[in-house]
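Visitor: Could you walk me through this model and explain the reasoning behind each label?
Guide: Gladly, let's take a look together.

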Amino acid sequence: MINVIGLGYIGLPTALMLSVSDNEVIGTDFNEKLVKTLQNGKLTFEENGLDQLFSEALKKGIEFSTEYVSTDKYIITVPTPYDKDNKKIDPSYVIQAVNSVLEVCKENTLLIIESTVSPGTIDKYVRPEIEKSNFELGKTIHLIHAPERILPGNMIHELKFNSRTIGADSIEQGNKVKEIYKTFCESDIAVTDIKTAEMSKVIENTYRDINIAFANELAKICRFDDMDVYEIIKVANMHPRVNILTPGPGVGGHCISVDPWFLVGDYPELTNIISTARHINDSMPDFVLKRLSEIMIENGITDRNKVGIYGLTYKQDVDDTRESPSLQLFDSMKKHLASPLKSYDPMIKDKIVENQIMSFDEFLEDLDIVVVMVSHSHIKENLDKISNKIIFDTQNIIPNGIKL
Ligand code: SAJ
């Protein structure tokens, strides 16, 4: 039986996937409300195909609990927040989960940590906890780092078809864990050491952050000198070895906008490109505000109540708002004592920000400018409703919208 600890954006789909692939699974989370919701057969967040996977897993007998279960296989998928001031990882949830496992686990346990951690975190914080316990590392308990690689919005597909990394102290234990993931993962699974697995996960997200920063910097250059960044990227990408990403209003989510900071925090003297890229991406919400004020002036609009922000999530068709560019933009406004502009997001069912309007039609009433921050399918399906507005399109999805 596998006990999956932490039923958030990664833990829940992973637990469900393991269950439908004929593993006996119990999912554990300390959040009673979340566990109750799952026990009542309701999902806790929206994701493509998750509904169906959930009902299949329920049929297979997946269970949910607030308690850790006594078994010999654990997958820890708890969050690893970061300390914004000193740019270091906060491993406290992982440590807490490891200690709770140590209280109940059986001899010969496979303790798999999926949560993203910076290189050296497992050596520094997890091994000492196990050394303090009655278990002996490599003999009665085996530590594994198996970072996830799934893209929100396409999680179910990517769980199945993305290759994976397993870091272990011995190939033998690494291969045992590989067998577990092989029950649903149809792609290659590399077995390596733990620190390599930690570092490769963090640099995968850093690689993407740097490449998005390049696209964003191009957008700024092109805006300054009146060039069409999208056309230029399209043309440049016809080169067989060039693949420039897409500029946007900033980088959000709990991965790409966070993981590179771990490296900057740990290796401050060695992370020039990485920290510059982070700063470029973090500057984009302010760039959007600057562009917005230019567009307002050009169109003779002086009343900020005539401007609305469309999209609060960190990207299209997800309901996750962590580190989202729109929320970063409102934070920036707040620094200048301004309350948030009117906003609307079809994926968000609760009010999370001041001046958020819960109905699209009501949001559009009296607006002259709609700022499209997120390219939800919803807006593409409702183009007729915004055809009489000025659209500031930071995502390049609206025909005739004003570009970044
Ligand atoms: N973005 C751009 N331009 C682009 C691509 C993305 O501005 O060309 C923005 C998005 O709008 C969003 C942010 O970047 O705000 C991140 O979105 P994303 O779709 O690139 O990635 P995430 O954060 O949803 O998921 C990433 C993935 N990592 C990589 O692609 C290297 C995913 O595979 C990881 O599993 C995930 O982080 C994670 O959990 O680490």
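Guide: In this predicted model, lysine 88 and aspartate 266 form a salt bridge, with 3.3 Å between the closest N and O atoms.

Visitor: Why is the pair of lysine 88 and aspartate 266 called a salt bridge?
Guide: The cut-off is 4 Å between a side-chain nitrogen of Lys or Arg and a carboxyl oxygen of Asp or Glu. The closest N and O atoms here are 3.3 Å apart, so the pair qualifies. The count between domain 1 and domain 2 is one salt bridge. Four residue pairs are in polar contact between the two domains, counting pairs with both residues at pLDDT 80 or more. By class, the side of domain 1 that touches domain 2 holds eight nonpolar, five polar and four charged residues.

Visitor: Which stretches are domain 1 and domain 2?
Guide: The domain assignment gives 2-192 for domain 1 and 208-393 for domain 2. Their centres, taken over C-alpha atoms, are separated by 32 Å. The contact draws 17 residues from domain 1 and 18 residues from domain 2.

Visitor: What area is buried between domain 1 and domain 2?
Guide: About 1,500 Å², and carbon and sulfur atoms give 56% of that.

Visitor: Why is cysteine 105 called buried?
Guide: Buried means under 20% relative accessible area. Cysteine 105 has 10%, so the label fits.

Visitor: And what makes cysteine 222 count as buried?
Guide: The reasoning carries over: cysteine 222 has 5% relative accessibility, which is under 20%, and therefore counts as buried.

Visitor: How many disulfides does a search of the whole structure find?
Guide: Zero. A disulfide would need a pair of cysteine sulfur atoms within 2.5 Å, and the search of the whole structure finds zero such pairs.

Conventions:
Residues are numbered from 1 along each chain as its sequence is written. This is a predicted model: local features need pLDDT of at least 70, side-chain atom pairs count only at pLDDT 80 or more; totals for chains, interfaces and linings use all residues. Side-chain values use heavy atoms; hydrogens and water are left out. Domain bounds come from an automatic or database domain assignment. Contact means heavy atoms within 4.5 Å. Buried area is the accessible area (1.4 Å probe) that two parts lose on being put together, summed over both. A polar contact is a pair of N or O atoms within 3.5 Å; within protein, one must be able to donate a hydrogen and the other to accept it, and residues adjacent in sequence count only if both atoms are side-chain atoms. Ala, Val, Leu, Ile, Met, Phe, Trp, Tyr, Cys and Pro count as nonpolar, Asp, Glu, Lys and Arg as charged, and the others, Gly among them, as polar. Buried means under 20% relative accessible area, exposed over 50%, partly exposed in between (1.4 Å probe, protein chains only).
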